[in-house]
Amino acid sequence: MYIRNQWYLACLLDELKDKNPLEKKILNESIVIFRTESGKIGVIENRCCHRNVYLSLGTVAGEHIRCGYHGWEYGCEGSCQHIPSLPEGERIPPSIKVKKYTFVIKYRSVWVWMGDANADESLLPPMPEMDTLPMVYNYHTLKADLPLVAESLIDAYHINHVHRNSIKTFMGNLYDEKVDFHLNVTDRALTGHYLRNNDGSFFEQFYFGFNKKVETHFGFWFPNISKLDIRFRKRRMVIYEHFYQIDEENICMCQITLWENILDFFPPFARWFMLQKSIKIVREDLAFLENNRQLKNLKDRADILLKADEVSIAFLQLWKRNTKNAEHETMVAKED
Ligand code: FES
Ligand SMILES: [Fe+2]
């Protein structure tokens, strides 16, 4: 079952810079996103009505997207606006149109609503850093279980092991002591924070600060965004992960890394460095995410979790509650 009545990240505005149409597949629907010459954005079904080919193989022409096969042009509303071979005096039938998606532009990104119900902008999580901080991003496709991917970024304990050569060296160790996660759970989100012991190398401590503890904030917003926010005295690194089903088999994971006061004496170098760092972090996760399979059902898993797994337990409850609601919404939509 796909979780439909939600916002999905169609693309970052940065991806539309070169004016080529972008193809994205979300919940098994192929979508094309384009920016017209005047700067308007179109998010429509990636299909030409003429011979059913991908519009994303075409180009942007003025205020339209032009199919690469025979040049039919479509506007941002999805209707066909121009057919080069149309005999003079003939009108384009209004039925020649493709689906137009509802979208919003927020946080330097295009968010597309994949549901049938009214799009609700308040369902977008708070991501204020996306408006102001320098950012790099990278996409990965993996065969994995969606809730397990969703849980991965807020899983505090794997960082010591999986990310021992990347995040851990940045933010220190989480020793086997009782950790207070200061959990806050609402209907659709889970947030919290905790302290790590800062045992980076001398150089890392010199740069990031000699404070003994590093404040780490995290969050998950149903169904597709998690956040890790590492706060040093004067510097900060924030990682958002956005994940969704491309189709039944594949999951797209977009990792967005932002930072404050890190290597800012030379921004191009900071971008390069942070991009390498974030790709390394995702690659470290991938092997585990791809072979991490659900136990028979979520309840079984909850049964074997320990008290120390309180974040995972809260996550599982939140996921279960919301997917039940999503199932209900789908059933009601079908009945209608
Ligand atoms: S297939 Fe698109 S114009 Fe012919
Ligand atoms: Fe991870």
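Two strands are taken to pair if DSSP finds at least two bridges between them. The structure described here is a predicted model, and the account below follows strand β10 and its neighbours before turning to the two domains.

**Strand β10 and its partners**

Strand β10, which spans residues 109-113, is mostly covered, with 5 of its 5 residues buried. The covering extends to both faces of the strand, since Ser-109, Trp-111 and Trp-113 are buried on one side and Val-110 and Val-112 are buried on the other. Two antiparallel pairings involve β10, and they are set out here with a residue pair from each.

| Partner of β10 | Residues | Bridges | Residue pair |
|---|---|---|---|
| β1 | 7-12 | 5 bridges, antiparallel | Leu-12 opposite Ser-109 |
| β9 | 103-106 | 4 bridges, antiparallel | Ile-105 with Val-110 |

The link between β9 and β10 is a hairpin with 2 residues between the strands, and in this turn Tyr-107 has a positive phi of about 55 degrees.

**The two domains**

The domain assignment divides the chain into domain 1, covering 7-122, and domain 2, covering 129-321, and the C-alpha centres of these domains lie 33 Å apart. To the contact between them, domain 1 gives 10 residues and domain 2 gives 10 residues. On the side of domain 1 that touches domain 2, the elements giving two or more residues are β1 and β2 (22-26), and the largest share, 3 residues, comes from β1. Sorted by class, this side of domain 1 holds 6 nonpolar, 2 polar and 2 charged residues. Strand β1 thus appears in both parts of this account, as it pairs with β10 over 5 bridges and also contributes 3 residues to the side of domain 1 that touches domain 2.

Methods: Residues numbered from 1 in each chain as written. Chains lettered and ligands numbered in written order. Predicted model: local features only at pLDDT ≥ 70, side-chain atom pairs only at ≥ 80, totals over all residues. Buried ≥ 20, exposed ≤ 12 C-beta atoms within 10 Å, placed from the backbone. Domains from an automatic or database assignment. Contact = placed C-beta atoms within 7 Å. Nonpolar A, V, L, I, M, F, W, Y, C, P; charged D, E, K, R; others polar.
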